[in-house]
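Biologist: I should like to go through the sheets and the helix packing in this structure. Shall we begin with the helix?

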Amino acid sequence: MADEYILEMNHITKMYGSNAVLKDVSLKIRPGEIHALLGENGAGKSTLMNVLFGMPVIHTTGGFEGEVLFNGSPVSISSPIDAMDKGIGMVHQEFMLIPGFSVTDNIKLNREIARPWPISKILGRDLEFLDREAMARDARNALDDVGMNIEEYTLVSGLPVGHMQFIEIAREIDKTGMKLLVFDEPTAVLTESEAQQLLEVMKSIAAKGIAIIFITHRLDEVMNAADSVTILRDGQLVSTFPKKETSPAQLAAQMIGRSSESVIQIQKRDTEVEDRPVMRIRKLWVNMPGEVDKGIDLDVREGEILGIGGLAGQGKIGIPNGVMGLYEAIGEVEFEGKKLPLGDAGTVLKAGLAMVSEDRRGIGLLLDQSIENNIVFTAMQVNGDFMKGFLHQKDTRKIRKYAEEMIRELDIRCTSPAQPTGTLSGGNQQKVCVARALAMNPKFLFVSEPTRGIDIGAKHLVLETLVRLNREKGMTIVMVSSELQELRSICDRIAIVAEGKVVDILKTDASDTAFGLAMSGVRSEEGGCA
Amino acid sequence: MGEQNKIKAHLEKYVVTYLFIALSILFIVTSGLDINYVASQLLLRLNRNAFIVLALIIPIIAGMGINFAITIGAMAAQIGLLLVISWGITGLPGILLAGLITLPLGSFFGFLIGKLLNKMKGQETIGSLILGYFANGAYQLLFLFIFGSVIPLNSNVTIVGASGVQNTLNLTGSVGLYTAVDSIAHIPFLLAVYLGCGVLAAASVIQFVRKAITAKRLAVGLIIAAVIAGIFSIPSIAAVVNGTHGRELKLPLVTWLLILGLCLFNSTIMRTRLGQKFRAVGQNQTVANASGIDVDRTRIIAIMISTVLAGWGQILFMQSEGIGTFQTYAAHEQVGLYAGAAILVGGASIDRATNLQALVGTFLFHSLFITAQSAASAMFGNSAVGEYFRAFLSYGVIAVALIMYAWRGAKQKKASQINLAEEAAKA
């Protein structure tokens, strides 16, 4: 019985400070099993894998509670290298390959086959000569196992992206004593046929008795390849069951879940917002690293709050950044019937658009400048507001007055308007960002991840402010957020982005299943209702 | 199209090298110097400098840029030489002992340099340059105050009536270190060329028979050997080196065996596990680390090897023909600068270097060095211009290499990004 499971992670709890990111999570995997691990961003998948691999980030933050059994006996994994020695391997999402090395050299990296000679016997293994023929033979075998017929001596730099994923896999299965392999979103960069091939390779690896943890968001792949499924949500284990007993719809619903009630109570609109688009986005491609958009089509109605949701890295953040001209973009964006130039932030701001960036500390704020300067900076630069005299000096009195007004209205907790923004808490920094966007007097506001990394009180205030601006001033707001619950509580409609495209636009009361399926790129039957 | 791109890429990579070839030819012609004189001076400079320049290769491959801190290796060697002179050990034993002292000293200094450079990843080139300047201060303290007072020295090397080492130490005469290695044996340059071509041809054939190289590579090897041998068989060229007009050019055999030995060492170590680690760390530290390579340790080893080798190179430099004196406080100063400039002229970059590039670079760099003064007085009627020109050349080459490196990095980054228009058109 001891060997029934190759890996058992029992009652794992991990705290970062007072924040529990994993709560009593257990995971059991049999040899030769493909076990899918599902969950939204922040559900705890990566933390669980960090625990498994003994990543430094776990040890330096106080370790974890619970036990890990590998091959039937308790183990303590001290580092990724230790995990590798024990037979746990990882196929990374971002490739761990050296472009200037040949396929063989990459597969055998730091596990080279070498021949000793007298001097190496004295001065150590480091001076042994590489046996390139033997290395090439091993590499050839591993490549054959993953069904790649590329030459083992070609340089990795010249290969298509899809091939690199297979080389990573070949490297892992070339390691002797490999017992458990983790695939982290392995199909994200592959074409459809490559993804299909990869699933076949996974199955054939599993057939040799190697267990596989398969992290993905594509439910069809789970249904195709996995033997069993574990779902995490908010750091907790939702359920774990054999694939046969489940369906994509059930998986999707469980992934999303309706965690208690709404974040805040907002009075819903009595009547639906009229379908009169103020912004039309057509075939928008945005080159934002890690958030690439590949042809977004989206209409924003005048006076609504539109939510944009989806998993991290799928392209939802690329939309505001592309429209506002912060990243290279092509396509068509129309605002109030006029075409907006792409890549020209100044003109876009002048047209009456503003944005609260997700990158607060990076591009959102000038951290060593005062609150008041931050608030008026864009308005001064773009519109020439807050200036006086023919020499265009700063109108400090006006700035101070406006800043104080904003501080009161948004409840920015600070000692004075002259306090540098770098010394504020995350929530208050976010409020300064909002104030700065408002100083532009925009007709249309993008807010990107407005509640990321701020406490619950500040979260409420920011969301309430957005609703107030919308209801009182009639401002059209597009809010991008990873937290679906938040979108559901204040938006009129929610667009879900997956793999760089808008999959579906849903009403806030659409089912969890519909949202879950949309996030994995599938439009459900009840979809398209909004 | 592909062929054109290849040529373009080649020109881009070697633009500095070709510029130097053109300048060298121009300078040699305008300087009006006797070709035999230029050739013999060039040979002398190669004897002196090649070893030090070759010491730069391993850190470049390990991704640490140009190790200007080889200056510190030179200092280690000078400490060794000073002790040997003070103890009165003459001739080859003196040189060998100085080399032996350099080994632990250079290793230790290299270890410290490596430790420090690991804390400033990405800025190693500039870091090692400044480190060299800093060490110069420590070196002066050591030679001015500590030697002679704390560490006893023979009175014939200290300043009379004070502590500290004399400004200039003689290596000739009774000290007996002058040309201690160079003068062991000489062979005529022409003979060396024929021997070299013979070895190249034989090695190519043996490699081909052992199936280590393709027929194409065999042909290239044989043709190069034949062409070089052929060129030196032309009577007018042979006359320049065989003493028909002017001096006969001779190679110091042992010095050149050491230089070739270092070339062999550089290429051999790249075929070991350690070499593979150097290359992996040089190309991508994240990936190397993820595969279990101790990145910091690998980098420290690279710098230690380079520092010791540079020290030995400095000993070869000091004993070489035409030097004769040991400028106690200045001998190491330009070592890093000139060696760095030389390897860059040969077509190496901040992250790529080969033995051949080091040798070609040393050759080209010094051919300008020798002729700059005369060419300047011929062209501008003022030999001081040539003096400035040398400094301009060295710093200019290094600046160009740094800029080209940054530029290429930016270009690569751009190429790795998605081409939006292309992708959109495809969809």
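Modeller: Please note that this is a predicted model. Helix 16 of chain A, residues 426–439, lies across strand 18 and strand 21 of chain A.

Biologist: At about what angle does helix 16 of chain A run to strand 18 of chain A?

Modeller: The angle between helix 16 and strand 18 of chain A is about 175 degrees.

Biologist: And which sheet of chain A contains strands 18 and 21?

Modeller: Both belong to an open sheet of 6 strands in chain A, ordered 18-21-22-15-23-24, with mixed pairing. Strand 18 (353–356) and strand 24 (501–507) of chain A are its edge strands, each pairing on one side only. On average, neighbouring strands of this sheet are turned by 20 degrees against each other, direction ignored.

Biologist: In which sense do strands 21 and 22 of chain A pair?

Modeller: Strand 21 (residues 444–448) and strand 22 (residues 476–480) of chain A are parallel, with 5 bridges between them. A:Leu445 has A:Ile477 in strand 22 of chain A as its bridge partner.

Biologist: Turning to the sheet of 4 strands in chain A, what is the strand order?

Modeller: That open sheet of chain A follows the order 14-13-16-17, and its pairing is antiparallel. At its edges are strand 14 (293–301) and strand 17 (338–339) of chain A, each with pairing on one side only.

Biologist: How many bridges join strand 13 to strand 16 of chain A?

Modeller: There are 6 bridges between strand 13 (residues 277–286) and strand 16 (residues 329–335) of chain A, and these strands run antiparallel.

Biologist: Which residue of strand 16 of chain A stands opposite A:Ile281?

Modeller: A:Val333 occupies that position in strand 16 of chain A.

Methods. Residues numbered from 1 in each chain as written. Chains lettered and ligands numbered in written order. Predicted model: local features only at pLDDT ≥ 70, side-chain atom pairs only at ≥ 80, totals over all residues. Pairing = 2+ DSSP bridges. Helix = DSSP H or I, 4+ residues; strand = E, 2+ residues; numbered from the N terminus. Axes fitted to C-alpha atoms, helices over the stretch in contact; angles between N-to-C directions. Contact = placed C-beta atoms within 7 Å.
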